[in-house]
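Here's a quick tour of the aromatic side chains in this one. Pull up the model and follow along.

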Amino acid sequence: MSGTLTVPRARAGAWLPRLAWAALIYNVLVILWGAVVRITGAGAGCGDHWPLCNGVVVPQSPTLHTVIEFSHRLTSGASGLLAIALVALAFRVTGKGHPARLGAVLSFALILLEGLVGGVQVLLGLTADSTDPARGFVQGVHLANTFLLLATLLLTALWASGAPGLRLRRQGLVGGWSYVGLGLMLVLGMAGAVTALGDLLFLPADGSTPIETVKRDFAVTASVIENLRVVHPMLAVLTSAFLVWLGVFLRRERPGAEVRRWSGVLWGVLAAQMVAGFANVALKAPGWMQLVHLLLALGLWLALVMLVYRALTGLSVQGGRGRVGGNV
């Protein structure tokens, strides 16, 4: 009898990493579609109703904006169902204390929070053409939660695939500088969300130079969202320099094939993102360029999370330079 029960459990266990990786990829697509909603100004496509759309479950005779917004809500709802399935399967096939259980639960919680933040935007009218400064704040929080969600899904997929658990304490300077890097990326992403909003609501005039745009952003009549638009490119230069240094530092402190591989990936995506950032400014932020910029930002964040994860789980039993011995 026990043998017949083991086979189905083993088969279900094989599906856990597949589901976790699928959830990660699917949520990246949902995030990009959410950006399409913002870029097209379709955020108010369902009016100020949430979770209903224009006061009904299924909108009748919808406009294009309604179709775009409603489809985003449907795809977001599907990500919630995926998260529930991930939690159920993780508890079904893993033992007590397995990190995949924690990752699945946190992923579900962050997806719920993602939906609530989106709901707040709709209910407060912080969509479409709204220039309320609160919209910039909510947009930044939304992006930070998105980054945390993707990081949690990535870790869940790794743990479901048999990767080791993660220890955050007693990591020395490796841990400290890694956390600084993750924090800088979160702040940079939040600033980028505000800048993208500013580019949508206050499109630079045709023929204007970046300097002229900055001057307009600090005019007496400029809004807070315009004032903050210049923060992102300045922070991007600082963060990029730090991430290059962080890759070199982690290669030295936690030498290993995975750290070398992911630091290289990080630098490659970072270079592509810098090019995309300059192109975004030069082209005055067209919609397609904003999507490319966002996709690279998500890739950069995931590459950084992978690098930090490999560094923190690659502890070496060697003395000197603050290394911590032992296994995770």
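**Aromatic rings at a glance**

W245 and F249 sit four residues apart in helix 8 (residues 231–253), which is about one turn of the helix. Keep in mind that this is a predicted model. By the pairing rule used here, there are five aromatic pairs, and two of them are picked out below, along with a few other spots involving tryptophans.

**A pair across the chain**
- F147 and W301 make a stacked aromatic pair, with 4.9 Å centre to centre and 15° between the planes.
- This pair ties together distant parts of the chain: F147 belongs to helix 4 (residues 133–160) and W301 to helix 10 (residues 287–312), 154 residues apart.
- Both F147 and W301 are buried.

**The helix 8 pair and its cluster**
- W245 and F249 are also an aromatic pair that is stacked, at 5.1 Å centre to centre and 15° between the planes.
- W245 has 36% relative accessibility, so it counts as partly exposed.
- F249 counts as buried because its relative accessibility is 4%.
- W245 and F249 join W177 and F242 in one aromatic cluster.

**A tryptophan at the surface**
- W50 lies in the loop between helix 1 (2–39) and helix 2 (64–93).
- With 33% relative accessibility, W50 counts as partly exposed.
- Together with L113, L116 and L123, W50 makes a nonpolar surface patch of about 370 Å².

**A charge over a ring**
- Which residue lies over the face of W15? That's R18, at 4.8 Å from the ring centre.

Conventions:
Residues numbered from 1 in each chain as written. Predicted model: local features only at pLDDT ≥ 70, side-chain atom pairs only at ≥ 80, totals over all residues. Heavy atoms only, no water. Patch = residues over 30% accessible without salt bridge, like charges linked within 9 Å, V, L, I, M, F, W, Y side chains within 5 Å. Areas by Shrake-Rupley, 256 points an atom, 1.4 Å probe, with all protein chains shown as cover. Salt bridge = Lys/Arg side-chain N within 4 Å of Asp/Glu carboxyl O. Helix = DSSP H or I, 4+ residues; strand = E, 2+ residues; numbered from the N terminus. Buried < 20%, exposed > 50% of the residue type's maximum accessible area, 1.4 Å probe, protein only. Phe/Tyr/Trp six-rings, centres within 6.5 Å; stacked < 30°, edge-to-face > 60°. Lys NZ or Arg CZ within 6 Å of the ring centre and 35° of its normal.
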